[in-house]
Structure formats: C-alpha cells, structure tokens
Amino acid sequence: MKRWWRKTAAAANDEQLAAAASGVERALRRLEWTVIRRLDGLLQGDYRTLMRGTGLDLADLREYQHHDDVRHIDWNVTARLQVPHVRVFTEDREMAAWFVLDLSRSVDFGSGARAKREISAGFVGVLARLLTRHGNRVGALVYGNDVEAVIPPRCGRRHVLHLLHAMERRAAKVVPDPKGMTRLADLLKSAAVLMPRRSTVFVVSDFLSQPGWERPLGQLAQRHEVVAVRLFDPLELALPDLGLVPLRDAETGEQLWVDTHDAGFRKRFARIAVERENTLRESLAKIGVDTLELSTHDDLVEAIVRFADMRKRRLRAGSPNPKAVAA
C-alpha cells in the first residue's frame with residue numbers, strides 16, 4: 001500500500017509538471033505570435049539598442065569625438081600626433097544577458113486583467129527570445145523570499161522555456177514572507193557575486209523593498225550595463241472612491257480597513273505615492289541606469305519600442321545621462 005501511494009503521488013506530480021510545462025509552452029507561443037512578430041517589424045532587427053556588445057581586440061584608432069568614452073583615449077598616440085585619438089575595439093556579438101527577477105508577493109498585485117507578475121513574465125519571455133535568436137545567452141536569478149534559483153546563461157528556445165517555467169514555479173509559492181518586506185539589496189549583492197563577466201543586466205522589480213538597495217545597484221552598474229525594469233500598477237499611485245475597503249500587505253499578509261470615501265485620505269495617499277515616485281526616479285538616475293517603466297494597463301510592444309528608440313537616440317548622441325521611459 002505504501003509503495004502504491006508513492007507511485008501514485010509521483011505520477012500526480014509528473015502530471016502537474018507536465019501541465020505547467022505545456023502552459024509555459026503555450027504562453028511563449030502566444031508571445032511569439034502576438035508580440036515578437038510585431039517587434040520584428042518595428043525594431044527591424046536592431047536588437048543592439050537593447051543589448052550592446054564590447055570586446056578586447058583592438059580594431060582601429062581614430063580621432064576623438066565628443067560622444068566617445070574618455071577611457072578609450074590612447075594617450076601615447078594623442079601625445080605623438082597632438083590630436084586626441086581613441087582605440088576602437090572589435091565588438092563581441094555574443095554577449096550574456098541576465099534577468100534579475102524580483103518575484104516577491106508584491107508583484108502578484110494587479111487592478112486590471114493582468115498582474116505585475118504577468119507583465120514581468122511577458123517582458124522576460126520576449127526579451128529572452130529576441131536575444132537568444134541572435135546567438136546571445138540569457139540567464140536569471142529568481143527571488144521570492146530569498147534567492148531561490150540561479151539559471152546559468154544559455155541560448156535556445158528550450159532554455160527560454162526553462163527560464164519561464166522557473167518563474168511559473170515561483171508563482172505557485174504564495175506563502176507570505178515571515179521576514180517582512182522584500183530585501184532587494186540581498187538579490188543585487190548575490191547578482192554581483194554570480195556574474196563574473198561583464199553582461200547586460202535587466203533588474204525586473206516593482207522596487208517595493210526595504211531601504212538600502214541603491215548602493216548594491218550602483219556597484220552592479222559599475223561593472224555591467226544595467227537596465228532597471230520597474231513594474232507598477234496605476235492603483236498604486238491613486239486610490240479611487242470605493243468606500244470602506246480592506247487593504248492587505250502582500251509581503252507580510254497584514255490586513256487593515258481603510259475608508260477611501262475620505263477625500264483627505266485619498267489626497268494623502270496620492271501625495272505619498274508621488275513622493276515615492278520622485279525619490280525612486282531620482283535614485284535610479286543618480287545611479288546611472290536606464291529605466292523602463294511597465295504598467296499593468298499598457299501595451300508591452302509599444303513600451304519596448306519606445307525604450308529601444310530612446311536608447312538608440314542616446315547612443316547616437318553620446319549622452320551619458322540615463323533616461324526613464326514610461327510604458
């Protein structure tokens with residue numbers, strides 16, 4: 001009887017895994033048809049605006065231009081010719097991209113048809129598929145209550161499915177974190193240790209976290225090209241007049257009732273939300289990372305296209321200032 005129960009439980013578990021895998025396959029196929037096909041026409045294959053390569057092989061020397069990186073100036077040639085010259089390197093086309101994924105309880109929130117978690121999975125699926133089709137490798141760090149999975153960079157469609165399946169498995173763990181709010185600093189410190197080579201890093205989070213994540217993110221940006229993908233829902237910025245409603249802290253499970261009919265309460269909520277928005281954007285700009293803001297109510301294709309256009313214009317102009325792009 002005991003042996004039969006073990007076989008039955010194992011078979012049921014296999015069926016659940018197979019069902020989850022087939023669901024991820026359908027989700028990726030839907031993204032390929034509804035999002036990636038549109039992006040292929042709009043981006044016209046210019047994926048380099050999303051992830052730039054670097055190299056170590058010297059290809060040429062040329063005169064310095066105003067948008068060049070001063071770290072590439074060849075001082076010996078400059079002194080000999082009396083004109084600033086920079087070294088040009090052969091670009092490494094096969095770069096690694098990492099997705100640093102905050103999948104804590106707060107990303108389960110969504111006031112419309114989609115939650116922040118679904119927007120996160122859609123963004124990761126689209127970017128990972130676009131990059132792996134060009135021979136680039138993608139990996140991921142998955143954070144729930146802690147760093148729960150590390151997926152080494154690989155390429156190919158099967159690997160993208162594996163990455164999305166890891167996100168799906170995390171979605172099934174809905175137990176509140178007994179330690180309190182998300183500790184984004186821990187995730188970023190782990191990312192710095194686990195990424196020895198220079199990479200493009202997409203930090204996908206709603207940035208609802210305990211304080212202190214700014215310094216680790218800045219240290220990560222010193223070595224890697226970092227893009228902050230900030231998830232949010234419009235209801236987090238302003239409360240409608242719904243009367244007496246319960247609000248629950250997604251991180252800790254704590255619940256309280258609030259009277260949204262009180263105009264003064266709604267104004268205070270909106271003021272605090274605006275202050276937090278300004279502080280968050282100022283922090284990301286000070287660190288020096290580009291920011292893509294993804295709302296649960298907006299179109300993923302349009303957001304990615306606007307972000308790619310912004311990066312393309314900034315790279316052509318040689319502007320060192322990071323930008324934030326709203327979805």
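# Notebook: cores and rings

**Entry 1, the overall fold.** I began with the secondary structure and found eight helices and 11 strands in the protein chain. I am keeping in mind that this is a predicted model. The protein chain has 327 residues, and 41% of them are buried. Next I looked up the accessible surface, which comes to about 17800 Å², with 54% of that belonging to carbon and sulfur atoms.

**Entry 2, contacts along the chain.** I took the contacts between residues at least 6 apart in sequence and asked how many join residues at least 24 apart. The share is 75%.

**Entry 3, the nonpolar cores.** Which residues have the most contacts inside the largest nonpolar core? I noted Phe99, Leu101, Phe123, Val126, Leu163, Phe202 and Leu294, in a core of 43 residues. Helix α3 (residues 116-132) gives the largest share of this core, with eight residues. I also found a second, separate core of 20 residues, and Tyr143, Leu184, Trp213 and Val226 are among its members.

**Entry 4, a ring pair.** I searched the whole structure for aromatic pairs and got three. Is the pair of Phe99 and Phe202 stacked or edge-to-face? The ring centres are 5.4 Å apart and the planes meet at 20 degrees; planes under 30 degrees apart count as stacked, so this pair is stacked. It was fun to trace where the two partners sit: Phe99 is in strand β3 (residues 96-102) and Phe202 is in strand β6 (residues 200-205). They are 103 residues apart, so the pair links distant parts of the chain.

I then checked whether these two rings are buried or exposed. Phe99 has a relative accessible area of 0% and Phe202 has 1%. Buried means under 20%, so both residues count as buried. Phe123 joins them, and Phe99, Phe123 and Phe202 form one aromatic cluster.

**Entry 5, another ring pair.** I turned to Phe207 and Trp213, whose ring centres lie 5.2 Å apart. Their planes are at 55 degrees, so I wrote this pair down as tilted. Phe207 and Trp213 are both buried, and Trp213 is the residue I had already met in the second core.

**Entry 6, a loop residue.** Where does Gln210 lie? I found Gln210 in the loop between β6 and α6 (214-223). Its relative accessibility is 31%, so Gln210 counts as partly exposed. Last, I looked up Arg183, which is 27 residues from Gln210 along the chain. The C-alpha atoms of Gln210 and Arg183 are separated by 5.5 Å.

Technical notes: Residues numbered from 1 in each chain as written. Predicted model: local features only at pLDDT ≥ 70, side-chain atom pairs only at ≥ 80, totals over all residues. Heavy atoms only, no water. Core = buried A, V, L, I, M, F, W, Y, C linked by side-chain atoms within 4.5 Å. Buried < 20%, exposed > 50% of the residue type's maximum accessible area, 1.4 Å probe, protein only. Helix = DSSP H or I, 4+ residues; strand = E, 2+ residues; numbered from the N terminus. Contact = heavy atoms within 4.5 Å. Areas by Shrake-Rupley, 256 points an atom, 1.4 Å probe, with all protein chains shown as cover. Phe/Tyr/Trp six-rings, centres within 6.5 Å; stacked < 30°, edge-to-face > 60°.
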